[in-house]
Amino acid sequence: MNHKQIIGLIGAASCIFLFGGAVTQMDWIQQIKNKPSIDIREYGAKCNGSNNDTVAVAAAVAALTSKGGTIVFPNTGTSYCKFSTVVSDGGKPILFTGQGISGTLVKGTAIKIFKLTSPYSAISKMTIMESA
């Protein structure tokens, strides 16, 4: 298993490790299901491997209220979403989710692609890679 696969697996399991206190994983999943879900393509993301989709993802995050929700990355096959700066959750509980670690590839030139500041944010079902 290489570092790219490990990062994807960590992302897929991250919600398991982000919980503490009285909130359980099942509670959190149920709460997220009752919140808005936004496909990043609704905000102009192309996910074609050549466009920089940072602005579109940031707009999708901004569109969610302070109660949070889900940001959906499409199954892009051999394409990838490209980021040049860090995508932040803005302190909101957000689930950044793809369509599977072999189907959604998120690639960025930033050292950190996602910055999760809410203890209830998570990354799931995607492979995350740094590009040159």
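Which residues in helix α3 are buried? Keep that in mind while getting oriented; the tour reaches the helix at its third stop.

**Stop 1: the whole chain**

Show the protein as a cartoon. This is a predicted model. The protein has 3 helices and 9 strands. Followed from the N terminus, the elements run α-α-β-α-β-β-β-β-β-β-β-β. Now switch on the surface: the accessible surface is about 6,900 Å², and carbon and sulfur atoms account for 57% of it. Of the 132 residues, 46% are buried. Among contacts with a separation of 6 or more, 74% are between residues 24 or more positions apart.

**Stop 2: the two sheets**

Select β1 (37-39), β2 (69-72) and β5 (94-97), and add β8 (122-124). These 4 strands form an open sheet in the order β1-β2-β5-β8, and the pairing is parallel. The edges are β1 and β8, each with a single partner strand, so one side of each has no neighbour in the sheet. From one strand to the next, the twist averages 20°. Zoom in on β5 and β8, which run parallel and are joined by 3 bridges. Pick F96 here: its bridge partner in β8 is I123.

Next, select β3 (81-83) and β9 (127-130), together with β6 (residues 105-108). This is an open sheet of 3 strands, ordered β3-β6-β9, again with parallel pairing. Here β3 and β9 stand at the edges; each has a single partner strand, so one side of each is left without a neighbour in the sheet. The twist in this sheet averages 20° from one strand to the next. Between β6 and β9, the parallel pairing extends over 4 bridges. To find the register by eye, pick L105, which stands opposite T127 in β9.

As background to both sheets, strands pair through backbone hydrogen bonds, in either a parallel or an antiparallel way.

**Stop 3: helix α3**

Select residues 54-63, which make up α3, and show the side chains. The opening question is answered here: T54, A56, V57, A60 and V61 are buried. An α-helix has 3.6 residues a turn, so residues three or four places apart point the same way. What do the buried residues of α3 pack against? Their partners are β1, β2, β3, β4 (87-88) and β5.

**Stop 4: the largest nonpolar core**

The largest nonpolar core holds 22 residues. Select I40, I71, F73, F83, F96, F114 and M126, which touch the most other members. Two or more residues of this core come from each of α3, β3 and β5. The helix α3 gives the most, with 4 residues.

**Stop 5: F73**

Centre the view on F73, which lies in the loop between β2 and β3. Is F73 buried or exposed? Its relative accessibility is 0%, so F73 counts as buried. Show what surrounds F73: leaving out residues up to four places away in sequence, F73 touches I40, V57, C81, F83, F96, T97, G98, Q99, T104, V106, F114 and M126. To see how separate parts of the chain come together, draw a distance from F73 to T104. The two are 31 residues apart in sequence, while their C-alpha atoms are 6.9 Å apart in space.

**Stop 6: the salt bridge**

How many salt bridges does the structure hold? There is 1. Select R41 and D39, whose side chains meet in this salt bridge at 2.6 Å, N to O. Side chains of opposite charge can pair when their charged atoms come close. D39 is buried, with a relative accessible area of 16%, whereas R41 is partly exposed at 46%.

**Stop 7: two positive phi angles**

Select C47, in the loop between β1 and α3. C47 is not a glycine, yet has a positive phi of about 50°. With a relative accessible area of 5%, C47 is buried.

Finish at K125, in the loop between β8 and β9. K125 also has a positive phi, of about 60°, although it is not a glycine. K125 is partly exposed, with a relative accessible area of 46%.

Conventions: Residues numbered from 1 in each chain as written. Predicted model: local features only at pLDDT ≥ 70, side-chain atom pairs only at ≥ 80, totals over all residues. Heavy atoms only, no water. Pairing = 2+ DSSP bridges. Axes fitted to C-alpha atoms, helices over the stretch in contact; angles between N-to-C directions. Buried < 20%, exposed > 50% of the residue type's maximum accessible area, 1.4 Å probe, protein only. Contact = heavy atoms within 4.5 Å. Core = buried A, V, L, I, M, F, W, Y, C linked by side-chain atoms within 4.5 Å. Areas by Shrake-Rupley, 256 points an atom, 1.4 Å probe, with all protein chains shown as cover. Salt bridge = Lys/Arg side-chain N within 4 Å of Asp/Glu carboxyl O.
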